[in-house]
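Hello,

Here is the structure I promised to pass on to you. Have a look at it first, and then read my notes below.

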Number of protein chains: 2
Amino acid sequence: MGISDRKERDKQEMRKNIIDAAMHMFTHEGYESASIRKIADKIEYSPGTIYLYYKDKDELLYDVQAECFSKLVELFQKEATDADPFKRLEQICHSYVRFGLENPEIYDLMFMMKSPMKNVHEHEDWENANDALSYLAKCVQECIEKSLIRFEHVWMAALSIWGMGHGLISLQIGCRMKIMDMDSDQIKEAIYASVSNYLNQIKQ
Amino acid sequence: MGISDRKERDKQEMRKNIIDAAMHMFTHEGYESASIRKIADKIEYSPGTIYLYYKDKDELLYDVQAECFSKLVELFQKEATDADPFKRLEQICHSYVRFGLENPEIYDLMFMMKSPMKNVHEHEDWENANDALSYLAKCVQECIEKSLIRFEHVWMAALSIWGMGHGLISLQIGCRMKIMDMDSDQIKEAIYASVSNYLNQIKQ
DNA sequence: AAATTTACTGAACAATGTTTATTTTGCAAA
DNA sequence: TTTGCAAAATAAACATTGTTCAGTAAATTT
């Protein structure tokens, strides 16, 4: 059926339209401005229309999140390509930290906000993050196979590395680094340094 | 002046009243239920009254956060008392992780939510967290002085340890651990294991 | 007892996510 | 081309938010 195909295509196009508007709102005006009404305004539709394509805001944010993750994966593919697995691991971490610090609102949506995760139910998996996390996991696996890091289990290594990176980034984004008496630039340097230092500590 | 003293005491008492109600709301009904109106309802005042004691909700949440931090410090003082600095460090981390995993809403308020931090301005310090962080920092300092951990700078060690702990806890609270195909209990075990493992890695 | 300051209220405002009755639109059949 | 119908979009409404403010009650001072 050609017609229902086109209908489906139109629907996807409208969704893309909505996602793009939301994304733009997020990056340029900040999260607080990304209300359903303002997104609707931007694409020149009424607020109700968005609910013909998404059952609620969480579902929409989940799709925006997906878009963000594909940008992160792109970044990995561009910046983390060293043949040596450990160096590649360093590149991944560096890209990840920079991505977080330069795009705090987007990082928030991807790794901190609860609302986009509301529709990822128990025993379902979080598809959005699969590619990005696989990129890390594969690299970690190679590192372990070649005995480049002091870990035995891939998942534990990946979790620890992710944990360290995310911890520092999210403390900064959440303004908790105000406890340190450093200015913003010093803090960012400290975060990069801490992650590098950690990688050196697990190196063997 | 005795009268203005009593006035001040009354004011503090009312604040305590509000904080307690908010805290109870937070822990028992969850963050979403902790609206100004519901807090006002609980203490049997009108919503407007709360604004005679707090200029906005952020300021109120900041005070609730303070209460939470004093509970965390109490926990440290109860559970992290080993004479050996490294063992004490392990106790601190263990208490911190357990506190986070058992009180996700409170942990959120303390370490994740932006709103209570809105009134902590640039070049001001985040008083609420001082005692808790000092507890960690002092312990770390002793560890470094006795060459028990592979770190030279206190602040970098503290930041790294905090970063790792917070990273893992907040990923779990923010539902990001759904990427791992483990159930909730397994994930919690993995978090404890990762933190312990990290401490062993920095041990020297 | 009267006047004044303080404490509190309750209604209103603006903004949010969401639902629904109604209208507009697009398209196939007559 | 006109008619009828289904799909798409809207405008208005609802229930919540945080917050403000004019008015009222209470407490204190004169």
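Of the 204 residues in chain A, 50% are buried, where buried means under 20% relative accessible area with a 1.4 Å probe, counting protein chains only. Please keep in mind that this is a predicted model, in which local features need pLDDT of at least 70, side-chain atom pairs count only at pLDDT 80 or more, and totals for chains, interfaces and linings use all residues. Residues are numbered from 1 along each chain as its sequence is written, chains are lettered from A and ligands numbered from 1 in the order in which they are written, and side-chain values use heavy atoms, without hydrogens and water.

Chain A has 9 helices and 0 strands, taken as DSSP runs (H or I, at least four residues, for helices; E, at least two, for strands) numbered from the N terminus. Its C-alpha atoms fill a box of roughly 60 × 45 × 30 Å along the principal axes.

Now to the DNA. There are 18 residues around DNA strand D, and Thr49(A), Tyr53(A), Arg37(B), Tyr51(B) and Lys57(B) come nearest; a residue counts as near if one of its heavy atoms lies within 4 Å. Sugar and phosphate make up 52% of the strand D atoms that come within 4 Å of the protein.

Some polar contacts (pairs of N or O atoms within 3.5 Å) reach phosphate oxygens of strand D: a polar side-chain atom of Thr49(A) lies at 2.5 Å, a side-chain N or O atom of Tyr51(B) at 2.6 Å, and a polar side-chain atom of Lys38(B) at 3.4 Å. H2(B) gives the largest share of the surface near strand D, with 3 residues.

Best wishes

Terms used:
A polar contact is a pair of N or O atoms within 3.5 Å; within protein, one must be able to donate a hydrogen and the other to accept it, and residues adjacent in sequence count only if both atoms are side-chain atoms.
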